[in-house]
Structure formats: structure tokens, C-alpha cells
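Student: I should like a close look at a single part of this model. Please choose one strand in the interior, describe its surroundings, and then place it within the chain as a whole.

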Amino acid sequence: MFLKKSKDVYYKKFSHIYVEKSIADSPYVRDILSPFETSEIISINHYKDVFNRPGQSFSAQKQAQALILAENKGERVYKGAPFCQSFGNDEFYYTSFVLNCLYDCEYCYLRGMYPSGNVVVFTNINDYFKDVKRISENKEIFLCVSYDTDLLAFEKLLGLCGRWYDFAAENPNVKIELRTKCSDISFLEGKEPLDNFILAFTLSPKETAEKCEKFAPSLSSRLKAVKKAADLGFKVRLSFDPILKTDNFEETYDEFIRDCFSCVSPDKIIDIGLGGFRISPKYLKAARKEYPSSLILNYPFEKKDGVCAYESKAEKYMTDYVAECIKKYAPGLNLYLWVWTNGSDYGII
């Protein structure tokens, strides 16, 4: 059973919701719980008692996720990981107040990162704001708020994208990136574009989106959202990441890039990020155990410097080819490329 929240975004009805006792009376928690009148609400002491318990099956839980509402009393803001793109920003940070995602993409590192397929929401958002203000007190920072989930897919339930937009409006020294595959951008209605609020849309070829990005909106739906956001004047970034080996690779990616820029004018895009598939060996091992039939995850990747990725020659060919397609259909755009042989991202256009 689903609760329909918009044309393209659905929330699997959480039949079981775990709530830490210490936050049960929070107005925000009560607001989150309000749509779930028939769900079983279970009181717990700490979210890890449920989320980290042994013997769980990530793949089985993804089909019927439980919701866990908690308070994060530990570290809340982290330095940017080397697997992620900084887009030329020296002070790169990310934060995670939702663990796991509504979507179920075959190549996602979350399949091997967490012991549970259930969703954790940390409800103490004001503590996150305080931490970010402290870190950015005397400097400008780049903050990614949607890496370990797709935050926009939860917006009708949590309202956090709108709150991060308001935070950006009040703190111009914090450049916020909201990365998403979601096509519902209605939270922007009535809002003015900000120089320090970036919508980064992850796009994949049509065949990849249909076969490998379970529950996520179609490529055409995402492109409509990209065009709408860009036409409204919001800063829009495109992410072609990860680039995956496919049948008819050249034809597939040439058509994909062409279709993207026939829908969206290149002069309304601030930049593009792209990179080959990469994952830590630990996460890959766990993901393969959960998904033994996945062709993507069970590819014979090479391991180097703590990263599992395509062999360097193949990776270079694929990323170079996609970069050339971008140059053909969207010349002049700044492009940030993550490649295994370099170990980081850098601008090449």
C-alpha cells in the first residue's frame, strides 16, 4: 500500500514506526506520525537497538521499510569523503539526517553501507543548523545535505528541503547542494533563487533508469523538473554519476546526452559532475552478499587505494567519451570529473 504524495513520488506506507522515547512528545515527531494512523508505533530506547541489530536482510527490508525516528547526539557534520565530488570547493562538508532511501538503485553504495534497509530520520534538525553555523562561522563552506538518502523524495513527509533553503537564505556563507533523482520540486514554489542553493539532479540513460533505479522517477520526469527549476532561475547542476558499462555504450550515452540538452538549455546549467562507478571493498562485499544476481555489483572490479572500480583503461575511455559528448552538445560548460586514476575530482572544461 502506498500513500500518494505527488505525481511521481510515493511513500511506502511504513506499517511499523519506531520512536525513541526521549523524542516521543516532540511536535515535529507528532507531525511526522500524523499520516500513519494505522501504523504500529513502537517505543525504543535508541535507534541502534533496531537499526544495528544482527541478522537483518537489507534487500528484504527495502521491500517493506520500517521508519525509525531518533535523535542524533553524536557527530552530525563531516568532512567531504574522497569518493565524492567537491566541485572545486576547498571547505567541503556533508551531513546526514536521514539514513537510507526510498529509492532502490541497483548500483547504490547504501546496499552495502548499512546493516538495515529501514529508514532512520534524525529529528533534531536545529542541532544540525547550530553545528553548520559553528563550522562556517569564519569561512565559506560547501555543504551537501543529500548524499546518504534522497532528501527531496521525503519532502512531503519531512519538509527538510524547505528548511535547508531557508537556512541558506539566512547564511550566505554556506553553499548548499541538494542532490536528487526526485522530480517533485514543488517546495520551490514562491521561493526566489539563491546564489548559495544548488539543485543537483542525478541523471542516467533511459535504459539504466528503467532497469536499475527502482522506485525512482523516469528520466523524462527528471528532465522536466530540471527544465522547470532552471527556467525559474535556480542554480542547477547535472550529475552523470555513476557512468556504467552498458550494451551499445557509445550509442546509449550519445543519445542520452543529446536528449538531456535538447530538453534543457546548457546556458541554464551551472556545471556537470561525472564519474565512473566506485565503491569501498567493504560495502561491495556486503552488497554482493545481499544481491548475488546483480550484474552491476558482481562485475570483476579492480581494487586500488581502497576503491573498487572499473579497470583504469576502461574507466578513462568511458569518462572521456561522455565528456566529449558533453562538449559536442553543451560546449563551454565546466565539468568536474571523478576518476579512479586521479583519486579526486577536477575541472576539465
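Tutor: The account below begins with one strand and its pairing partner, and then moves outward to the rest of the chain. The model is a predicted one, and the chain averages a pLDDT of 92, with 93% of the residues scoring at least 70.

The strand chosen is β16, which comprises residues 271-276. Six of its six residues are buried, so that β16 counts as mostly covered. In a regular strand the side chains alternate between the two faces of the sheet. In β16, one side carries Asp271, Gly273 and Gly275, the other carries Ile272, Leu274 and Gly276, and all of these are buried. Both faces of β16 are thus covered.

The pairing partner to consider is β15, residues 235-243. Strands β15 and β16 run in the parallel sense and are joined over five bridges. One point of register is given by Ile243, whose bridge partner in β16 is Gly276.

Within β15 lies Arg237, a residue that merits attention in its own right. Arg237 has a relative accessible area of 3% and is therefore buried, the limit being under 20%. Beyond four places in sequence, the contacts of Arg237 include Asp271, which is itself one of the buried residues of β16. Ile270 is also in contact with Arg237. Further contacts of Arg237 are made with Ile198, Leu199, Ala200 and Phe201, and strand β13 spans residues 197-202. The list is completed by Phe87, Phe142 and Glu177.

Leu199 leads to a second buried position, Leu188, because Leu188 touches Leu199 as well as Phe197 and Phe234, residues up to four places away in sequence not being counted. Leu188 lies in the loop between β12 (174-180) and β13. Although placed in a loop, Leu188 is buried, with a relative accessible area of 2%. Between Leu188 and Cys161 the separation is 27 residues in sequence and 9.2 Å in space, C-alpha to C-alpha.

These neighbours connect to the nonpolar interior. The largest nonpolar core has 113 residues, and Phe197 is among those with the most contacts inside it, together with Leu69, Phe97, Leu143, Trp164, Phe240 and Phe261. Apart from that core lies another, of seven residues, whose members include Phe87 and Phe142, both of which Arg237 contacts. Phe92 and Tyr147 are also among the members of this second core. As for Leu143, its contacts beyond four places in sequence include Trp164, Val77, Val132, Val174 and Ile176. Glu177 is another contact of Leu143, and Glu177 also appears among the contacts of Arg237.

Elsewhere in the chain, Leu69 can be placed by its pairing. Strand β5 (residues 67-70) and strand β10 (residues 119-122) pair in the parallel sense over four bridges, and the bridge partner of Leu69 in β10 is Val121. These strands belong to an open sheet of five strands with mixed pairing, in the order β4-β3-β5-β10-β8. Its edge strands, each pairing on one side only, are β4 (40-44) and β8 (98-99). A further open sheet, of three strands, has antiparallel pairing and the order β17-β19-β18. In it, three bridges join β18 to β19 (residues 307-309), and Lys304 stands opposite Val307.

The cysteines supply no covalent cross-link by the distance rule, for the count of disulfides is zero. The sulfur of Cys101 is 6.7 Å from the closest cysteine sulfur, that of Cys105, which is too far for a bond, since the cut-off is 2.5 Å. For Cys105 the closest cysteine sulfur is in Cys108, at 6.2 Å, again too far for a bond. Cys101 is buried, with a relative accessible area of 9%, and so is Cys105, at 5%.

At the level of the whole chain, there are twelve helices and 21 strands, and 56% of the 349 residues count as buried. Of the contacts with a separation of 6 or more, 73% are between residues 24 or more positions apart. The radius of gyration is 20 Å, which agrees with the value near 20 Å for a compact globule of 349 residues. One region calls for caution: over residues 1-12 the pLDDT stays under 50. Where pLDDT is low, the predicted coordinates should not be read in detail.

Methods:
Residues numbered from 1 in each chain as written. Predicted model: local features only at pLDDT ≥ 70, side-chain atom pairs only at ≥ 80, totals over all residues. Heavy atoms only, no water. Pairing = 2+ DSSP bridges. Helix = DSSP H or I, 4+ residues; strand = E, 2+ residues; numbered from the N terminus. Buried < 20%, exposed > 50% of the residue type's maximum accessible area, 1.4 Å probe, protein only. pLDDT = per-residue confidence, 0-100. Contact = heavy atoms within 4.5 Å. Core = buried A, V, L, I, M, F, W, Y, C linked by side-chain atoms within 4.5 Å. Rg over C-alpha atoms; globule rule 2.2 N^0.38 Å.
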